[in-house]
Amino acid sequence: MNSYNKLMSYRDDFEGNYWNQMVEVNNPKRETKNAYWEERIFSELRVAMELALTKNKDNYKEQLEHASHILLKKKKENGYITKEDVIEVEGSLTHIGKELREYTVHCVGHAHIDMNWLWGWHETVSVIIDTFKTMLQLLKEYKDFTYSQSQASTYKIIEEYCPEMIEEIKKYVHEGRWELAASTWVENDRNMSNGESFARHILYTKDYLSKLFDIDVDMLQLDFEPDCFGHSAHIPEILKNGGVKYYYHCRGLDEQTLYKWQAPSGASVLSYREPIWYGNSITGNALIHVPKICEDLGLKDSLFVYGVGDHGGGPTRRDIEKMKDMNYWPIYPTVKFSTYHDYFKTVEPFEKNLPVVDHELNFTLTGCFTSSSRIKMANRYSENTLADTEYVNALSHVLLDRPYQKDALTKSWHKTLFNQFHDVLPGCGINFTREYALGEFQNIMAKANTIRKAELEYIVSHIDTQGIEGGEKHLGETAEGAGVGNHPARMIGNTGVSFNLGLAQTARYGGETRLYTLFNHTAYEATRYVELLIWDYRSDVDELEIFNSKNELLRFEKLGQDYNQYWGHWYTKVLLEVKLPSYGYDTIRVTQNSSISRQSALVEDRRTNEYLDYVLENEYVKATFDVDTLVLKSLYNKEEQVEYLTEEGADFNYIKEDATEANAWIVGNYVSINQVKKEVTKIKMSKGEVAQSLSYVLEIGVSRLQVTVSLEREAKNVKYHVEAVWNEIGDEKYVPQLNYKVNIKMHTGEFIYDVPMGSIKRGILKDDVPAIYYGMAYCEENQGIYIASDSKYGYRGLENSLALSLLRSTQNPDTHPETGTHVFEFRLGYGTVEEAQKTGILLNHAVDVINCKPAQIGTLPQSQSFFSIKGEGVVISAIKRTESDEKAWIVRFYETSGQSNFVSVVCPEHVVEAHEVDFLERKIEAEAMRIESNKITVKTKPYQIKSLKVRF
């Protein structure tokens with residue numbers, strides 16, 4: 001094959017200068033008139049040789065060698081290859097051409113549009129409008145051209161900023177020439193968006209597009225995710241529940257192209273992994289791979305995605321003209337304008353013969369789990385706050401006939417979903433990216449908190465508190481309105497920055513006896529530790545007693561000073577231990593009547609006189625901190641008499657990454673790892689009745705961490721509350737990083753992580769990996785040591801350690817992503833996987849506190865569980881009202897333990913009707929469920945998602 005190889009070498013030289021030749025192809029002063037014919041025959045010979053090699057046909061190889069010899073001879077004689085030379089050679093290879101023509105390449109034109117990546121929102125809008133206008137023009141000019149566009153948000157932008165285009169797009173949608181290639185609001189991150197966000201992507205996208213373009217919702221069967229940086233294991237189960245059958249991606253898998261991707265539940269989707277890239281141009285050399293891919297799969301159809309992308313653009317006239325011409329090349333596959341749906345429907349009958357992939361499609365670009373932590377914090381709080389708000393509003397709507405704020409909640413979800421774009425949530429955008437995301441986050445929180453507080457106050461106004469008098473108001477008491485819009489408990493050091501993302505604890509009613517209703521928005525009946533603000537209390541705070549609705553005395557302790565001044569008001573802050581019902585509330589009574597003193601014992605900077613370790617200890621756990629370094633050197637399980645930590649203990653680490661390879665996408669090699677153990681100042685110990693705590697300040701370079709570690713009375717974990725002023729900036733040598741690392745004494749080498757709509761086991765990986773609420777290192781079967789976080793996603797599990805990444809000061813593409821103030825919490829504990837999951841959920845769903853009116857006539861009791869669920873390993877995803885106007889709930893949950901299970905759902909009222917639905921809230925065939933008054937029992941299979949529509 002010497003002649004063929006020599007010709008291909010010439011072809012490589014030609015192709016290297018091909019685009020320059022094509023630019024000048026119509027310039028009569030240049031000898032480029034034969035460039036077209038040379039490019040055509042080179043491409044034909046290459047795809048023909050691919051066929052010969054794939055099918056191992058020696059006769060084809062010999063004929064192609066002979067054809068190459070002829071062309072080389074012509075080239076040598078004339079200095080170029082003529083049209084006549086090409087036609088002669090093509091004529092000698094017609095039998096090969098006939099076989100190649102049996103392959104059909106579905107060419108799908110699209111424009112990859114990155115939302116707010118290296119540009120701001122204004123430019124994203126401009127890019128979408130310009131791209132769509134160009135595509136509409138091309139659709140007019142070329143009657144067989146087809147175009148596909150993903151991301152429902154692109155159409156929402158058109159509707160808002162250029163609405164006159166909608167009808168024209170609709171025309172081509174109905175002609176089948178403009179494909180709606182979207183099942184998600186944006187091409188969202190697939191590892192850090194939680195499971196309920198995935199459900200909302202599908203719900204809102206399908207609902208919006210079907211109504212906007214007047215189409216059947218089942219036309220939208222594709223989840224198109226070309227550029228996402230990895231894909232979580234349970235996505236096929238999620239897609240199945242949303243009526244999505246096909247999946248397209250580019251990253252996260254190497255060994256397969258067309259395959260069946262199977263979730264741990266057994267649900268699967270027909271998937272295509274892009275073997276080339278998703279932003280191609282149409283050239284003769286672009287389809288050389290087709291014979292091998294088709295033959296490997298035993299198919300005759302292949303997919304090719306083309307179009308200028310990232311900053312939009314899409315297919316060009318050159319692409320279209322080239323493709324139309326290539327379809328007449330005799331030694332070449334058949335090419336046609338097509339759509340993703342057409343391709344998948346063509347190959348779907350062969351799905352049973354395709355290979356099966358049954359694992360997560362990770363990992364790529366693992367720096368994205370840690371970069372730009374404020375965006376990640378915003379995502380976590382947006383998701384959880386909206387979930388809590390929907391539940392509260394659904395409750396007040398069904399039980400008290402309150403209006404359901406569907407439009408406001410949907411718009412807030414749209415903002416949340418937009419911020420999950422795969423260049424936004426991973427933190428690999430510029431400062432504009434971050435600023436827009438955080439601005440939208442503030443709007444999300446403002447709307448959700450406003451709705452939730454109004455509904456909670458309305459519920460509280462119906463609680464019967466007859467027989468409880470508020471007592472005499474003291475002279476000068478000014479509780480009414482105190483604390484509006486702020487929360488003094490969240491002032492960050494001396495920065496003057498307030499960090500409060502929950503509901504402000506306003507005071508509506510004064511007097512010696514105060515009532516507060518505490519709401520638990522989780523499925524766990526749990527002991528919660530709540531910071532309670534008592535505004536302008538003029539009675540003796542040393543004689544406070546607090547009772548629950550059963551008149552049981554509650555434990556509490558005062559935090560800080562007895563009286564704290566705040567802008568014309570005084571407040572006392574207490575930490576209260578209270579058991580709250582699942583998805584319910586309890587009304588507590590703050591009053592006088594006792595001389596019991598509950599002063600906390602403070603110990604200031606004991607190192608000056610003693611050299612004893614600092615110890616936090618309760619009935620279950622003993623946590624010991626080194627007196628000099630504040631390293632947690634022991635976490636001891638008193639019940640089992642087990643020590644979990646090695647001599648290195650657990651501590652914050654200041655890491656320097658090699659900046660030559662580190663950026664927002666990639667974590668660089670660690671150049672140095674240092675425990676943060678110098679410049680430890682301002683140490684304070686507190687031994688209260690409810691919790692013990694150790695507070696200290698770490699000076700790190702030009703940054704400062706104000707750390708409070710606390711151990712609550714009934715907890716099996718220690719809580720770290722960190723308020724950081726972070727001024728570390730990366731340079732050309734190093735990228736500064738802060739993490740918290742736990743060195744584990746006993747470890748099986750296996751980890752389990754909380755991922756969207758499930759959990760996953762992973763082995764030792766020398767890189768950051770994603771998790772939603774927790775990461776856990778197994779020490780024995782179903783037991784281990786875990787870290788649960790309120791806002792972080794990047795965990796690193798090594799041979800004998802588990803670390804949580806906290807802050808990371810990359811320089812590319814955002815030069816200062818972390819500079820400024822941060823507040824975050826995480827818990828370090830031990831127990832079962834279920835306990836780790838519970839800890840994560842409780843940490844991420846705070847208790848809401850509403851001041852309640854004494855001596856009030858109402859219809860609701862002082863304590864109530866509105867909703868509960870029983871079933872091992874079952875996690876609630878959402879409780880919301882249906883999308884329709886009927887007074888019915890959607891209750892969504894998923895199974896995480898890998899076991900079949902009977903799940904019991906207890907509702908607040910008698911259940912009239914209940915059945916299973918998909919994410920679009922359509923009834924689906926399912927196993928029979930049992931309804932008994934207000935209780936529903938249904939069977940779940942391992943790792944299955946269930947959505948119940950419940951009507952009262």
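Here are some questions and answers about the fold and the aromatic rings of this predicted model.

Residues are numbered from 1 along each chain as its sequence is written. Local features need pLDDT of at least 70, side-chain atom pairs count only at pLDDT 80 or more, totals for chains, interfaces and linings use all residues, and side-chain values use heavy atoms, with hydrogens and water left out.

Me: How many helices and strands does the protein have?
Reply: Both are DSSP runs numbered from the N terminus: H or I over at least four residues for a helix, E over at least two for a strand. Counted that way, the protein has 18 helices and 48 strands.

Me: What is the radius of gyration of the protein, and what does the globule rule give?
Reply: The radius is taken over C-alpha atoms, and the rule is 2.2 Å times the number of residues to the power 0.38. For 952 residues the rule gives 30 Å, and the protein is close to that, so it is as compact as a globular protein of that length. Its own radius of gyration is 32 Å.

Me: What percentage of the residues count as buried?
Reply: Buried means under 20% relative accessible area, exposed over 50%, and partly exposed in between, using a 1.4 Å probe and protein chains only. Of the 952 residues, the buried share is 62%.

Me: Which kind of aromatic pair do Tyr644 and Tyr830 form?
Reply: Rings of Phe, Tyr and Trp (its six-membered ring) pair if their centres lie within 6.5 Å; planes under 30 degrees apart are stacked, over 60 edge-to-face and the rest tilted. By this rule there are 39 aromatic pairs. Tyr644 and Tyr830 sit 5.0 Å centre to centre with 20 degrees between the planes, making the pair stacked.

Me: How many residues apart are Tyr644 and Tyr830?
Reply: Tyr644 is in the loop between strands S23 and S24, while Tyr830 is in strand S38. Tyr644 is buried at 4% relative accessible area, and Tyr830 is buried at 3%. This pair links distant parts of the chain, 186 residues apart.

Me: Why is the pair of Trp889 and Phe952 called edge-to-face?
Reply: The ring centres of Trp889 and Phe952 are 5.3 Å apart. Trp889 lies in strand S43 and Phe952 in the segment after strand S48, so the pair ties together parts 63 residues apart in sequence. Trp889 is buried at 0%, as is Phe952 at 17%. The pair is edge-to-face because its planes are at 90 degrees.

Me: Which residues do ring pairs link into a cluster?
Reply: This cluster is built from Phe and Tyr rings. Its members are Phe224, Tyr246, Tyr248, Tyr272, Tyr340, Tyr343 and Phe344.
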